[in-house]
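Please examine the sequence and the structure shown below before reading on. The paragraphs that follow lead through the strands and then through the places where chains touch.

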Amino acid sequence: MNVPAASGDGGATTLVAGSSLWADAWRRLRRNRLAVASAVTILALACACLAGPWLIAATWGHDEQSQDLASGPRPPSWEHPFGTDFYGRDLLVRVLAGGRVSLTVGLLAALVAATIGTLYGAVASYAGGLIDAVMMRAVDVLYALPYMFLVIILVTILGKSLLLVFLALGAVGWLLTARVVRGQVLSLKEREFILAARSLGTPAHDIVLRHLIPNVIGPVIVTFTLSVPSMILQEAFLSFLGLGIQAPRPSLGALISDGAGQMLVFWWTLVFPGGLMAVLLFALNFLGDGLRDALDPRLER
Amino acid sequence: MTRPATDTVLAVRDLRTFFHGEGHVVKAVDGVSFDVRRGETLAIVGESGSGKSVACLSALRLVPSPPAFHPSGEVLHGGRDLLVMPEREIERLRGDRLAMIFQDPLSALNPYLTVARQLTEVLEVHRSASPAAARREAISMLERVGIADAAHRIDHHPHQFSGGMRQRVMIAMALLCRPEVLFADEPTTALDVTIQAQILALVAELRRELGMAVVLVTHDLGVVAGAADRVAVMYAGRIVEEGTVEEIFARPLHPYTRGLLASTPQIDMPDRGLLAAIPGLPPDPAHLPVGCPFQPRCDRAVDRCRQASPQMAVFTTSHRVACLEAGEAP
Amino acid sequence: MSDDAPPLLEVRDLVVRFDVVTPGGPWGRRRTLTAVDGVHVSVRRGETLGLVGESGCGKSTTGRAVLQLEKPSAGEVIFDGRPIHEWWVQRWGGWRWDHRLRDLRRRMQMIFQDPSASLDPRMTVEAILAEPLRNFALASGSERRGRVQRLLEIVGLDPRFIRRYPHQFSGGQRQRIGIARALALEPDLIVADEPTSGLDVSIQAQIVNLLGRLQQELGLTMMFIAHDLATVRHVSDRIAVMHLGRIVELAAADRIVTAPLHPYTQALVAAVPVPDPIRERARPRLVLAGEPPSPLDPPAGCPFHTRCPVREERCRRESPPLRTVAAGHEVACHLVD
């Protein structure tokens, strides 16, 4: 039998393993070389950030905080591959340790934001009517408050800790996702397959989880990957205000803002943390695009 | 190759339109030849994917190339081949000598411009008419296609017209320059039957009045029976049968034509229970079966049908068919 | 089937109105569109009722209101003796189903016009067909897969296709999936909303035959909604012709096409082209002038009088009721005795 749209092994009549959208998406993602390379890069960087500072401390004896004013700032050398900063601290250790903090904050905050935002937006617009109106007015009110002001209030009330920083960022960052998802669901719920699901007796929570969210996941993932770097930069801003990670503990954002101030003299203090940030950003974007495509079965070749 | 007869206004010869797919070539139109004679209605019938629309668009060079390319073919009009003439010259012919109307007038009309702007532009470009003369002409053409209060409605935008009225506007636009050939691609498919009847009656009337030829592309055999003089049946990018409307309906030779006729419900005949459906699916143009393209669905296919694709064979002077088993019809 | 048995479905004076915003003024103009305006019809067990009319006549809305996918604004829908139109509750600023309407899905189902819109593009065929079974905890695990595969066989698809997505099928195959989904819960009533109008002629015939076969084998009661009178006639026992939200004529399928009484039905039958040049050209021409009136702005009196070739003075004032003119033949026209 000839089927116009069937082609490639996705259209083969044999039963391929995996029955869900997620299993198929995983299979498709693995065939996207750029996305796989990006995932490997992110994973490798995460491992380096986790284990690196400890390894370097054990091998060379550098750690992220001890100062040696006599030996800084120096350009990259065999002993200090990334050079040292103004206080003579090894920059490699500081970049890795900062990367650990920033990656944790960025990924977790973005994840918190995306999850809350998606559920909130999907529920509000699917429920419609009064529920939608109340839920979205709440979003509008939060949106109207100065964003940083809100984070600062949260951090001041809850106290300073790494956990609270990403909770605060995530708790405020979901507003955009919620609006994006609501807009998408609003058009989606007029589609006939949602009416069809209702006519099959599918309960509302299943419609949201099984139909609406899988169909809005593409834009959510893109928003998510784009929000990771912005979360990292916001954490830097909080640190600058004395509300985030406190010096002398490093974070990627803090290192970049320090480095930016002295880049004409001590270029390496900007290039290395900036480079790590750039690599992370690219990898996250490619992975995000790959995920979005993998989750759309129509793009299968 | 047969030479076009003297009353032929458009002759299509061995037209092929291929598209580059991923790792293969899609043969959307694969060796199509037909003549359009002065004042006649030629219906090109086929199902979706049969290549009927692409064949017409290709004849007017409206298929973007690339991705399309034409490995062979001629489209002769007034002694010249449209496929090789310079872009500027074919632009001058389109909308003037050769006009086209589409299934969805809303996508063919510019939503941001008034009907007046779009109609007068045609006359100003092709006829170098003055704005005032063009407007007068446009209003009289709108009146001719049955738009009441045309002098007022000409200043409306396309969305302010109903579906049937928009189709009339598009017909008016196509006929402004009194074309020799009007290509109508599923002009009534999106319309209700009572409106379809109005539009078909209007096209038939204008055809007689202006003496133009109409190439009617449709999937609806009922529309063909009412409107066409000659019929070409397309399947998988080829014409499989061609003849006068009487020949095609009274003595269909190709099993596909017969199947199509049998599967069309007839409102004026007693209900006969099951419709005689053609089994299977139309072939994927990217993966055509070996031999005759209809062979996998054909109840009369024999071994030789699976080996080579049949050529068009002349049955009577006007009736041709591409089927090896056609002559032995019961 | 005896005619005195209580009908499976009774629709009484059904009205569905929508609030719409039309252009006009800085915030648009709020108006009420009466899509269905007093439809009164019943469907016997095992019968197929055809519902025909042109776009905007309210036939699809009628189908949806029967299934309670649209809340009726007025009137009654009695299914198997129970007033299902009452099974709505007002909650959180909107009307929602109560649990009985959800349970009713097992007995009434819908086939949609456009299978590429009504099948979730991100679900495999297995997930699509398993959804109704899961909703009512009818089967799980390998038993569920077995039932999904059997459904595919019933509608003539290869059961090995369960891993595919809708876009990997042709239009006709997708419609078979839509039919299989509607059959999954073994309903008594199926509302088929233009199930063949997006399909090619040769595929249309396949789907019409499939529906006919299933209706016979499974004893289904069906409401077949379409604009194509020739197809509707082919599958229906009786046909109701709708115009501007009302039924204007209701009779046995053959009577509607061979002896229509309402001038609108006559025009509709005459407008359906016949695939035979000799018969087609010999048929009487009855081309209606003008455009169908807008349901936003229905004319006074008989809703058809603006296009009616035989209208009289009273047609402009009085709206004719649907009345029985012969056994099993109802017409809404002043001029029919």
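**Sheets and chain contacts**

In chain C, strand β1 (residues 9–22) pairs with strand β4 (residues 74–79) over 5 bridges, in the antiparallel sense. One position can be followed by eye: C:Glu10 has C:Ile78 in β4(C) as its bridge partner. The model that contains this pair of strands is a predicted one.

The two strands belong to an open sheet of 4 strands in chain C, whose order is β2-β1-β4-β5 and whose pairing is antiparallel. Which strands stand at the edges? They are β2 (29–43) and β5 (82–83) of chain C; each has a single partner strand, so one side of each is left without a neighbour in the sheet. A helix also packs on this sheet: α1 (residues 59–66) of chain C touches β1, β2 and β4 of chain C. The direction of helix α1 makes about 120 degrees with that of β1(C).

Chain B offers another sheet to trace. Here 8 strands form an open sheet with mixed pairing, in the order β7-β8-β9-β3-β10-β11-β13-β12. The edge strands of this sheet are β7 (98–101) and β12 (313–314) of chain B, each of which pairs on one side only. Within the order, β3 (residues 41–45) and β9 (residues 213–218) of chain B run parallel and are joined by 5 bridges. At one point along these strands, B:Ile44 stands opposite B:Val217 in β9(B).

The chains may now be considered together. Chain C has 36 residues in contact with 38 residues of chain B. On the side of chain C that touches chain B, the elements giving two or more residues are α7 (201–218), α8 (229–235), α9 (253–258), α10 (263–271) and α11 (277–282) of chain C. Among these, α7(C) gives the most, with 7 residues. By class, this side of chain C has 17 nonpolar, 10 polar and 9 charged residues.

Chain C also touches chain A, in a contact that takes 33 residues from chain C and 31 residues from chain A. Which elements of chain C give two or more residues to the side that touches chain A? They are β8 (108–111), α3 (115–118) and α4 (125–135) of chain C. The largest share of that side, 4 residues, comes from α4(C). The residues of the side of chain C that touches chain A divide into 13 nonpolar, 9 polar and 11 charged.

Key. Residues numbered from 1 in each chain as written. Chains lettered and ligands numbered in written order. Predicted model: local features only at pLDDT ≥ 70, side-chain atom pairs only at ≥ 80, totals over all residues. Contact = placed C-beta atoms within 7 Å. Nonpolar A, V, L, I, M, F, W, Y, C, P; charged D, E, K, R; others polar. Pairing = 2+ DSSP bridges. Axes fitted to C-alpha atoms, helices over the stretch in contact; angles between N-to-C directions.
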